[in-house]
Amino acid sequence: MDRSWISNPNRISAEYVAGVDQFLEVAREIVDATGCTLCPCKNCINRVKRHIGEIRRHLLHQGFLSTYTVWVEHGEVDHSSGPAHESFGDEMGEAFHDATRDHYFDIGSTSDMLSPEQPADSERYDKLFEQLKTPLYDGCNDTISALTFVVKLMHLKVLNKWTDRSFDMLIKLLQEVLPPGNRCPDSYYSTRKMLCDVGLGYEQIDVCKYDCSLFYGEYSTDQDCHVCGTSRYIRKKIPHKRLRYFPITPRLKRLYSSKSTATLMRWHKEGRVVEPGVLRHPADGEAWQNFDSLNAHFASDPRSIRLGLASDGFNPFGNMSTTYSMWPTNYLLSLLIPGPKSPTKDFDVFLRPLIDELKVLWNVGTDCFDAHEGKRFKLFASVIWTVSDFPAYAYLSGWSTQGKLACPVCLEDTRHMSIRGKQCYMGHRCFLEAEHPWRNRKDFDGTVEVRPPPRRFESSHILA
């Protein structure tokens with residue numbers, strides 16, 4: 001059915017008015033008890049219910065929602081795509097197919113749940129394929145496999161904040177309801193273990209009681225902190241604190257394991273329209289372009305990944321209590337730093353596993369399979385941005401953002417003054433040109449500004 005009238009800007013034309021009347025005939029079939037249905041005008045956008053006559057006025061005065069060409073909210077069926085569960089299963093199957101075409105797709109697993117003797121990738125993915133293609137129970141719809149069922153079930157758990165215990169209770173009920181011999185997991189633990197084979201895992205690293213160091217790398221088997229000598233454990237192998245580390249390399253490689261995402265990962269080079277003076281993508285920004293000009297070997301391959309590092313604290317228990325906090329360090333969530341207080345000056349201690357991994361991704365790279373081109377390549381990645389509030393900026397940079405020298409750009413040249421016992425930063429006129437008339441005015445702070453701008457510190461000065 002032709003619906004080109006929807007994009008017709010002339011809303012008094014016979015074509016547009018006839019199209020509106022055609023829509024209203026469809027909408028009348030699904031009005032509720034009050035005679036109302038959703039209004040698809042550009043203001044209501046199918047979020048507000050109105051009477052048919054009022055909808056007609058809205059559509060004539062404000063226009064029809066241009067993207068609403070299949071009226072699914074008014075009883076029509078979208079035949080261009082299959083049912084949601086079928087599409088979900090097809091996409092998952094395609095992703096697994098792309099991933100398993102090459103053994104370099106190694107997504108790892110959760111260290112504390114699986115045994116050290118891990119099966120080979122081919123064996124793992126054969127098992128996943130079997131779960132994806134096997135119905136949940138004999139006689140079940142073929143599109144509902146054991147794996148898709150588990151993924152959807154875990155999605156509901158996250159969305160509705162189910163506890164682990166409630167999830168276990170639901171699993172037990174499903175075991176009673178489903179026919180004998182079904183492939184539904186028998187516990188929350190079994191469900192997690194199945195998803196670990198998909199690569200949704202993390203590593204646990206013990207931390208010193210005083211945040212001096214991690215029991216990681218060459219210190220992974222130590223019983224006492226190599227810095228302060230404090231025991232690693234409270235009692236019976238229970239550590240004082242434990243860091244959750246989510247390796248980013250397998251997840252970055254996974255972005256290229258699907259044809260669709262592998263294509264999107266190079267869009268900034270092959271599909272982006274460059275317009276001078278227009279900023280619509282990070283690649284249009286100065287930071288990206290300056291980084292590329294300094295690192296031609298990195299920029300030569302559009303598949304190289306530029307990362308942004310963001311960090312902030314949050315309360316994992318969803319209330320306003322400050323007795324516990326957790327600090328995530330994010331790109332695809334890489335670190336969870338638990339504890340009653342923020343890590344402050346010891347933040348760099350927790351970053352070590354992430355920094356070690358980033359060094360490898362920058363200096364050596366990692367072998368990766370590009371499902372779009374169907375061949376292997378060397379994947380490189382680098383952090384070029386940090387995103388944080390001002391206190392977290394201090395943790396990341398190592399420069400205190402409190403007191404007289406609080407500016408992490410001006411450093412020791414920070415212009416400060418005390419006003420009623422509080423530090424204020426009023427010396428901004430120093431950035432003006434030397435002959436600027438505002439330098440000679442005393443209206444700002446009672447002085448004439450004769451100082452030059454602060455020095456521009458290079459990395460060699462900061463690290464010296």
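**Helix α1, cysteines, backbone angles and confidence**

In this predicted model, Y16, G19, V20, F23, L24 and A27 are the buried residues of α1.

User: On which side or sides of α1 do the buried residues lie, and what arc do they cover around the axis?
Analyst: The buried set in α1 consists of Y16, G19, V20, F23, L24 and A27. An α-helix has 3.6 residues a turn, so residues three or four places apart point the same way. These buried residues are on the same side of α1, because the arc they cover around the axis is only 140 degrees.

User: Which elements do the buried residues of α1 pack against?
Analyst: Helix α1 runs over residues 14–27, and its 14 residues reach 20 Å from the first C-alpha to the last, close to the 20 Å expected at 1.5 Å a residue. Its buried residues, Y16 and F23 among them, pack against β1 and α2 (52–62).

User: How far from C228 is the nearest cysteine sulfur, and how many disulfides does the structure hold?
Analyst: The structure holds zero disulfides. C228 is accordingly in no disulfide, since the nearest cysteine sulfur, that of C208, is 3.7 Å away, whereas a disulfide needs a pair of cysteine sulfur atoms within 2.5 Å. The distance asked for is thus 3.7 Å, and the number of disulfides is zero.

User: Is C184 buried or exposed, and what is its relative accessibility?
Analyst: The cut-off for a buried residue is a relative accessible area under 20%. C184 therefore counts as buried, whereas C228, at 36%, counts as partly exposed. The relative accessibility of C184 is 6%.

User: Where does I45 lie, and what is its phi?
Analyst: I45 is in the loop between β1 (36–38) and β2 (49–51), and its relative accessible area of 29% makes this residue partly exposed. Although I45 is not a glycine, its phi is positive, at about 40 degrees.

User: In which loop is K161, and what is its phi?
Analyst: K161 lies in the loop between α5 (146–160) and α6 (164–177), where it is exposed, with a relative accessible area of 73%. This residue, which is other than glycine, has a positive phi near 55 degrees.

User: Which element of the chain has the lowest mean pLDDT?
Analyst: The chain averages a pLDDT of 81, and 82% of the residues score at least 70. Over residues 81–90 the pLDDT is below 50, and this stretch has 10 contacts in the model beyond near neighbours in sequence. Among the elements, helix α14 (residues 352–363) has the highest mean pLDDT (94), and the lowest (49) belongs to helix α3 (residues 84–99).

Key. Residues numbered from 1 in each chain as written. Predicted model: local features only at pLDDT ≥ 70, side-chain atom pairs only at ≥ 80, totals over all residues. Heavy atoms only, no water. Buried < 20%, exposed > 50% of the residue type's maximum accessible area, 1.4 Å probe, protein only. Helix = DSSP H or I, 4+ residues; strand = E, 2+ residues; numbered from the N terminus. Expected span 1.5 Å × (residues − 1). Arc of directions from axis to C-beta. Contact = heavy atoms within 4.5 Å. pLDDT = per-residue confidence, 0-100.
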